[in-house]
Amino acid sequence: EIGPGAFSNCQLTEARIPQGITEIGERAFLECKALEQVELPQSLKRIRAYAFCCCGLTSVVVPAHVEEIECGAFKRCVALHSVVLPEGLRVIGDDAFSNCKALKTVVLPEGLRVISSDAFAGCKALKTVVLPEGLEILKNRAFAETGITSLVIPKSVKQLDGDPFFCCEDLKDVTILAGMEYLPDGLFVVSGITGAHYNVTIHAPAGSAAEDFAKRNNLKFAAL
């Protein structure tokens, strides 16, 4: 284990974490602004809260046995442009990658079940996201203020909390395959003050909760 705060505020430029390490503790590399590269071992199982928050990382490959990335683990890594996540990952925690403003590419694995609040909020360069079949819960502001232009919500999704796509002003087309019974009205709002929706077209089966949502909020609807 690498303990809490072990290397916080250091001037490291790269880190190679040895095999056998199973956990990177809370704030372990917090604010290591010069840290551009980290090699994570295949033995790793846990990345604790704020472990790499505010680092200078440019890319990261999360090893196969990590099942949860805890809150703020890579928050405000403003140079981070690429993330590879393992098939075994189940939960992306609150703020895990929020305000990673250079992040352009992230492949969400099939095993993923929960994307937590603000997980990718403020990732302005993020234009494309493929939500995997198997995803069940998408929480409040998960992709708020990103550059996403289109989206497919898979049928496995059972819960959409609050406004996961708040202020995604470039979002134009949303396909909703899920059989959810109700969609919250704040799902595609530009402003929390006015409650105004942006000009998005909803693609979904006729007679679905998604069609009712579109009509209720005066959004364009196209039947699949």
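**Note on the predicted model: sheets, helix α1 and salt bridges**

1. Leu224 is placed in the segment that comes after β16 (220-223). The structure discussed here is a predicted model, and this should be kept in mind in every point below. With a relative accessibility of 59%, above the 50% limit, Leu224 counts as exposed. Together with Val152 and Leu177, Leu224 makes up a nonpolar patch on the surface, and the accessible area of these three residues comes to about 270 Å².

2. An open sheet of four strands, paired in parallel, runs in the order β12-β14-β15-β16. Its edges are taken by β12 (150-153) and β16, and because each of these has a single partner strand, one side of each is left without a neighbour in the sheet. On average, neighbouring strands of this sheet are turned by 20° against each other, when direction is ignored. Within the sheet, β14 (residues 173-176) and β15 (residues 201-204) are paired in the parallel sense over three bridges, and Val174 has Ile202 of β15 opposite.

3. Helix α1 spans residues 209-216, and its buried residues are Ala209, Ala210, Glu211, Phe213 and Ala214. Against which strands do the buried residues of α1 pack? They pack against β14, β15 and β16, strands that belong to the four-stranded open sheet. After the helix comes Asn218, which has a positive phi, near 55°.

4. Helix α1 also holds a salt bridge between the side chains of Asp212 and Arg216, with an N to O distance of 2.6 Å. Both residues lie in α1 and are separated by four residues, about one turn of the helix. Asp212 is partly exposed, at 44% relative accessible area, and Arg216 is likewise classed as partly exposed, at 33%.

5. A second open sheet is built from seven strands in the order β2-β4-β6-β8-β10-β11-β13, again with parallel pairing. The edge strands are β2 (23-24) and β13 (159-160), each of which pairs on one side only. Elsewhere in this sheet, β10 (residues 114-115) and β11 (residues 137-138) run parallel and are joined by two bridges, with Val114 having Ile137 of β11 as its bridge partner.

6. Ile47 belongs to strand β4 (residues 46-47). Is Ile47 buried or exposed? Its relative accessible area is 1%, below the 20% limit, so Ile47 is buried. Leaving aside residues up to four places away in sequence, Ile47 touches ten listed residues, among them Ile24, Leu40, Phe52, Val62 and Phe74. Glu70 is also touched by Ile47; the two are 23 residues apart in sequence, while their C-alpha atoms are 6.2 Å apart in space.

7. Across the whole structure, a search finds eleven salt bridges. One joins the side chains of Arg46 and Glu23 at 3.9 Å, N to O. Since Arg46 lies in strand β4 and Glu23 in strand β2, this pair ties together parts that are 23 residues apart in sequence. Arg46 is partly exposed, with 38% relative accessible area, whereas Glu23 is buried, with 13%. Both residues take part in a network of salt bridges that links Glu23, Arg46, Arg48 and Glu70.

8. Arg16 forms a salt bridge with Glu14, and the closest N and O atoms of this pair are 3.7 Å apart. Arg16 is exposed, at 65% relative accessible area, while Glu14 counts as partly exposed, at 43%.

Key: Residues numbered from 1 in each chain as written. Predicted model: local features only at pLDDT ≥ 70, side-chain atom pairs only at ≥ 80, totals over all residues. Heavy atoms only, no water. Pairing = 2+ DSSP bridges. Patch = residues over 30% accessible without salt bridge, like charges linked within 9 Å, V, L, I, M, F, W, Y side chains within 5 Å. Areas by Shrake-Rupley, 256 points an atom, 1.4 Å probe, with all protein chains shown as cover. Salt bridge = Lys/Arg side-chain N within 4 Å of Asp/Glu carboxyl O. Buried < 20%, exposed > 50% of the residue type's maximum accessible area, 1.4 Å probe, protein only. Axes fitted to C-alpha atoms, helices over the stretch in contact; angles between N-to-C directions. Contact = heavy atoms within 4.5 Å.
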